[in-house]
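Q: Hey, I'm new to this one. Can you walk me through it bit by bit?

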Amino acid sequence: MISTRRGSEHARILATGARRPDRVVTNEEICEVLDSSDEWIRTRTGIVTRRFAAPGETVVDLAAPAAEQAVQRAGLAAGDIDAVIVATSTHMVSMPSAAALTAARIGAGPATTFDLSTACAGFTHGVAVANDLIRGGSARHVLLVGVDRMTDVVDPTDRGSAMIFGDGAGAAVIGPSDTPGIGPTIWGSDADQWEALYQTASWTEYRDQVGQARRTGGEEPDWPVITMMGPKIFRWAVWEMAGVARKALEAAEVDVADLAAFIPHQANVRIIDQMAKQLKLPDQVVIARDVIDAGNTTGASIPLAMDRLISEGQVTSGGLALLIGFGAGLSFSAQVVRLP
Ligand code: UT7
């Protein structure tokens, strides 16, 4: 016989934290190297400014202050955290994980640590995993950080992607609850469509190409960057993701009229507004539009947007929010949560 553990009946988000890099980058600055215009970027994406991390400011440098803020707001000490999960696609070393380095930085060393790589769906995947860890008895308090430094993987001259991305980190502490705080997660992928968003060369291909160029005196290759079929993802997001969001509401048995907020991945204001329209959200539902001055921060976009709605008092504690993350993979996840 194997003795098993059972955790808390329910889990919920206890607090959030954020780290927005200091440097604000305008559309005019983006257009210094990109063949575009402030007007085009505003009308096609809604983005007015985004933040860029400083040279040498890594994903761990961004993650740590967001994490510390969330832990402190949850009324906990770093030592109370049992698991640290970092959702990121831009941690530039293969080991150790960004989670291990973040835990060490904030003094949560004994916690179990691991990274989660589902790009823009990273945070909502992490909410699902944290919920199951707590309910299954594997952890009591989980620190979840969504963080990306997209400037490392974006070509500033690429008209298909350069204008939308930014850097940042958002965090949440998830812990036990007497009442339901996280609804069932609807998740999955359209893996056959992975080519809609991918890195143009692997690090080993890049290394080999550099070696070849040095041996032959040829031209050195460009740093690997991401390439994106924007319109294809746009259509997928608008048509398929509204259905996923609807299923998350049904699974939680929550009506749109009961929502306080809709916090989708912050990719493009036009996608957010189209999804809200399809979901027929009533006027009183607050719609997160953090993308306007944060850009698309990939794994950080949902926790940053949530943190802002709470910090600015646009939502009150205990309200219900519908979350949906979607992007590279193509992967997606959605759930209804009770706001901290
Ligand atoms: O977070 C990860 C997942 N990613 C996403 O969710 C991104 C989803 N996609 C998008 O947000 C949008 O597709 C983009 C913002 C990337 C592009 O906007 P779009 O409205 O889909 O533009 P488009 O590519 O269909 O291009 C429309 C027009 C074209 O000109 P014509 O053929 O109509 O004359 C393009 O050549 O806009 C032109 N264009 C640009 N013009 C100025 C395309 N990119 C640019 C640009 N600046 N950067």
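Q: Okay, which strand gives the most to the lining of the largest pocket?
A: That's strand 9, residues 197–199, which puts three residues into the lining. Keep in mind as we go that this is a predicted model.

Q: How much space lies in that largest pocket?
A: About 620 Å³. It has 26 lining residues, and those closest to the centre are Thr88, Ser89, Thr90, Ser117 and Gln199.

Q: And how do the lining residues of the largest pocket divide into nonpolar, polar and charged?
A: You get 13 nonpolar, twelve polar and one charged.

Q: Why does the largest pocket lie between domain 1 and domain 2?
A: Because both of them give residues to its lining. Domain 1 covers 10–177, while domain 2 is made up of 186–192 plus 226–338.

Q: What about the second largest pocket, how much space is in there?
A: Roughly the same kind of description works: about 410 Å³ of space. Of its 23 lining residues, Met228, Gly230, Pro231, Phe234 and Asn268 are the closest to the centre.

Q: Which element has the largest share of that second lining?
A: Helix 7, with four residues. Helix 7 spans 230–252, and helix 2 (38–45), helix 8 and strand 13 (320–327) also supply at least two residues each.

Q: What's the class split for the second largest pocket?
A: Its lining has 13 nonpolar, seven polar and three charged residues. The second largest pocket lies between domain 1 and domain 2, because both give residues to the lining.

Q: Switching topic: how many salt bridges does the structure hold?
A: There are 15. One of them joins aspartate 290 to arginine 20, with the closest N and O atoms 3.2 Å apart.

Q: Where do those two sit in the chain?
A: In distant parts of it, 270 residues apart. Aspartate 290 is in the loop between strand 12 and helix 9 (291–294), and arginine 20 is in the loop between strand 1 (10–19) and strand 2 (23–26).

Q: Is aspartate 290 buried or exposed?
A: Buried, at a relative accessible area of 4%. Its partner arginine 20 is partly exposed, at 23%.

Q: Which other residue meets aspartate 290 in a salt bridge?
A: Arginine 308, at 2.4 Å from N to O. This pair also links distant parts of the chain, with arginine 308 in helix 10 (residues 301–311), 18 residues from aspartate 290. Arginine 308 is partly exposed, with a relative accessible area of 21%.

Q: So which residues are linked in the network of salt bridges there?
A: Arg20, Asp290, Asp293, Arg308 and Glu312.

Q: And what does arginine 19 meet in a salt bridge?
A: Aspartate 22, at 3.3 Å from N to O. Arginine 19 is buried, with a relative accessible area of 17%, whereas aspartate 22 is exposed at 62%.

Q: Last one: where is leucine 281 found?
A: In the loop between helix 8 (269–278) and strand 12 (286–287).

Q: Why does leucine 281 count as buried?
A: Because its relative accessibility is 13%, and buried means under 20%.

Q: What does leucine 281 touch?
A: Leaving out residues up to four places away in sequence, leucine 281 touches Val256, Leu259, Phe262, Ala276 and Ile287.

Q: How far apart are leucine 281 and arginine 214 in space?
A: They're 58 Å apart, C-alpha to C-alpha, with their positions 67 residues apart in sequence terms.

Conventions
Residues numbered from 1 in each chain as written. Predicted model: local features only at pLDDT ≥ 70, side-chain atom pairs only at ≥ 80, totals over all residues. Heavy atoms only, no water. Buried < 20%, exposed > 50% of the residue type's maximum accessible area, 1.4 Å probe, protein only. Contact = heavy atoms within 4.5 Å. Salt bridge = Lys/Arg side-chain N within 4 Å of Asp/Glu carboxyl O. 1 Å grid on protein atoms, 1.4 Å probe; cavity = no way out; pocket = protein on both sides within 12 Å on 5 of 7 lines; lining within 4 Å. Points joined across faces, edges and corners; volume = space filled by probe spheres on them. Nonpolar A, V, L, I, M, F, W, Y, C, P; charged D, E, K, R; others polar. Domains from an automatic or database assignment.
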